[in-house]
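Say you have a model open on your screen and want to learn how to read it. Let's go through it feature by feature, as a chat between a learner and a teacher.

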Amino acid sequence: EAGNDLLLIPSDGINTINIIKDKVSLDRINESAYKILKFKYDYLDKDNFLDKSYLGSEEHAKIISQIS
């Protein structure tokens, strides 16, 4: 597994995409994208803000478990 669902500012974006395409299956990419989009749909409000008041709670641990 790649281990990261997000790459931040790669120095060579095209090469990075090609490496990912060669090493990671499309099913794995789709699975990761689905987890991210489901989290956003379930937990972000209409303005894309996340209520941070529950960080460190059992609910927070559950969310981390679901998306990892």
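What follows is a short dialogue on helices, packing, surface and salt bridges.

Q: Before anything else, what kind of model is this?
A: It's a predicted model, so keep that in mind throughout.

Q: How many helices and strands are there in the protein?
A: Start any fold by listing its elements. Here you get three helices and zero strands. Read from the N terminus on, the order is simply α-α-α.

Q: How do I read the way two helices pack, say α2 and α3: at what angle, and how far apart are their axes?
A: The idea is to compare the directions of the two axes and then the distance between them. Helix α2 covers residues 26-43 and helix α3 covers residues 58-67; they pack at about 150 degrees, with axes 10 Å apart. Angles over 145 degrees count as roughly antiparallel, and that is why α2 is called roughly antiparallel to α3.

Q: Which residues make that contact?
A: From α2, look for Lys35, Phe39 and Tyr43. From α3, the partners are Glu59, Ile63, Gln66 and Ile67. Sorted by character, the contact between α2 and α3 has four nonpolar residues, one polar and two charged.

Q: What share of the residues counts as buried?
A: For burial, you ask how much of each residue a probe can still reach; under 20% relative accessible area counts as buried. In this protein of 68 residues, 9% make that cut. The accessible surface comes to about 6,100 Å², and carbon and sulfur atoms own 57% of that.

Q: Now the charges. How many salt bridges does the count come to?
A: You look for a side-chain nitrogen of Lys or Arg within 4 Å of a carboxyl oxygen of Asp or Glu. By that rule, there are three salt bridges.

Q: Where does Arg28 find its partner, and how far apart are the closest N and O atoms?
A: Arg28 pairs with Glu31, and their closest N and O atoms are 4.0 Å apart. The two sit three residues apart in helix α2, which means about one helical turn separates them. Arg28 is partly exposed at 22% relative accessibility, and Glu31 is partly exposed too, at 41%.

Q: And what about Glu31 and Lys35?
A: Their side chains also form a salt bridge, at 3.8 Å from N to O. Both belong to helix α2, four residues apart, or about one turn. Lys35 counts as partly exposed, with 22% relative accessibility.

Q: Which side chains meet at 2.6 Å, N to O?
A: Those are Asp42 and Lys38, joined by a salt bridge. Again the spacing explains the geometry: they are four residues apart in helix α2, so about one helical turn lies between them. Asp42 is partly exposed at 38%, and Lys38 is partly exposed at 38%.

Q: Which residues are joined into one network by shared partners?
A: Arg28, Glu31 and Lys35.

Note on methods:
Residues are numbered from 1 along each chain as its sequence is written. This is a predicted model: local features need pLDDT of at least 70, side-chain atom pairs count only at pLDDT 80 or more; totals for chains, interfaces and linings use all residues. Side-chain values use heavy atoms; hydrogens and water are left out. Axes are lines fitted to C-alpha atoms, for helices over the stretch in contact, and angles run from 0 to 180 degrees between N-to-C directions. Angles under 35 degrees count as roughly parallel, over 145 as roughly antiparallel, 65 to 115 as roughly perpendicular and the rest as oblique. Contact means heavy atoms within 4.5 Å. Ala, Val, Leu, Ile, Met, Phe, Trp, Tyr, Cys and Pro count as nonpolar, Asp, Glu, Lys and Arg as charged, and the others, Gly among them, as polar. Buried means under 20% relative accessible area, exposed over 50%, partly exposed in between (1.4 Å probe, protein chains only). Accessible areas come from the Shrake-Rupley method with a 1.4 Å probe; for residues, only the protein chains shown count as cover.
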